[in-house]
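Visitor: I should like to learn how to read a sheet, its packing helices and a pocket from a model. May we work through one example together?

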Amino acid sequence: MKDKIRIVIADDQELIRDSLKIVLSANLDMEVIDTVADGREVIRSVRAVKPDVILMDIRMPGMDGVSCTQIIKENYPQIKIIILTTFDDDEYVYNALKYGASGYLLKGVSMAELASAIRTVYGGKAMINPDIAVKVVRLFSQMAKGNYTIEVDDRNMDALGKTEWKVIQQVGFGRSNKEIAAALKLSEGTVRNCLSSVLSKLDLRDRTQLAIWAVQTGVTTRRLEEDGV
């Protein structure tokens, strides 16, 4: 018999954690190896038990599911993450998928559908609730048409240094901190600090806004050395 799919459940509601554990454990090919209440506990759990799949709530105290997804995927890219939430907010959808979530399901999904989704992402495919898929398509369509525009003051761009421009370009390519560090021969800590500085200087909320801005303004197509950067 093949190894069971090892699952961690992350939700701040104990009743939901316990219910999901009972139901999923009834599947012969699945094993719930841990249940946790917030993003920081997820990271500690991942280091300790190395799951195959994480069922991740979006809104948790301390560290939310989107931030946790970003950290997990940058450090453990092989772990699959399914966002399981009552919230179908467009921004959450985009950010979770941007940072590498393999699935996005609403909590109203049946247990049979949830088990099927776990098997799907474990097999290397993506699984998105149909209602969520419509939102994703609509958002990317808006972006393609230029209706989803990120504005940055020109004076803020003047404050950017050469390394910061290079990091911005890499973010626009969709690369993780680890990939950016390798490409630019920097440490991951330097990349993280650089990103924080860039977001502050450009007055942008997060990495997603920065990536969209980089694409829309043509930073991803520039030859920075030729531009004197």
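**Reading the sheet and a pocket**

Guide: Strands β4 (residues 80-85) and β5 (residues 103-106) are paired in the parallel sense, over 4 bridges. Within this pairing, Thr-85 is placed opposite Leu-106 of β5. Please note that the model is predicted.

Visitor: In what order do the 6 strands form the sheet?

Guide: A sheet is read by following its strands from neighbour to neighbour. Here the order is β2-β1-β3-β4-β5-β6, in an open sheet with parallel pairing. The edges are held by β2 (30-36) and β6 (127-128); each has a single partner strand, so one side of each lacks a neighbour in the sheet.

Visitor: Which strands does helix α1 lie across?

Guide: For a helix on a sheet, one reads the strands involved and then the angle. Helix α1 (residues 14-25) lies across β1 (5-10), β2, β3 (53-56) and β4, and runs at about 170° to β2. Helix α5 (residues 111-122) also packs on the sheet, where it touches β1, β2, β3, β4, β5 and β6. The direction of α5 makes about 155° with that of β4.

Visitor: How much space lies in the second largest pocket, and which residues are closest to its centre?

Guide: A pocket is read by its volume and then by its lining. The second largest pocket holds about 240 Å³ of space. Its lining has 14 residues, of which Glu-74, Tyr-99, Gly-174, Arg-175 and Ser-176 are the closest to the centre. Two or more lining residues come from each of α3 (65-75) and α9 (177-184); α3 gives the most, with 3 residues.

Visitor: What is the lining by class?

Guide: The lining of this pocket has 7 charged, 4 polar and 3 nonpolar residues.

How values were computed: Residues are numbered from 1 along each chain as its sequence is written. This is a predicted model: local features need pLDDT of at least 70, side-chain atom pairs count only at pLDDT 80 or more; totals for chains, interfaces and linings use all residues. Side-chain values use heavy atoms; hydrogens and water are left out. Two strands pair if DSSP finds at least two bridges between them. Contact means heavy atoms within 4.5 Å. Axes are lines fitted to C-alpha atoms, for helices over the stretch in contact, and angles run from 0 to 180 degrees between N-to-C directions. On a 1 Å grid over the protein atoms alone, a cavity is a set of points where a 1.4 Å probe fits but cannot get out, and a pocket is an open set with protein on both sides within 12 Å along at least five of seven lines; lining residues have an atom within 4 Å of a point. Grid points are joined across faces, edges and corners, and a volume is the space filled by probe spheres set on the points. Ala, Val, Leu, Ile, Met, Phe, Trp, Tyr, Cys and Pro count as nonpolar, Asp, Glu, Lys and Arg as charged, and the others, Gly among them, as polar.
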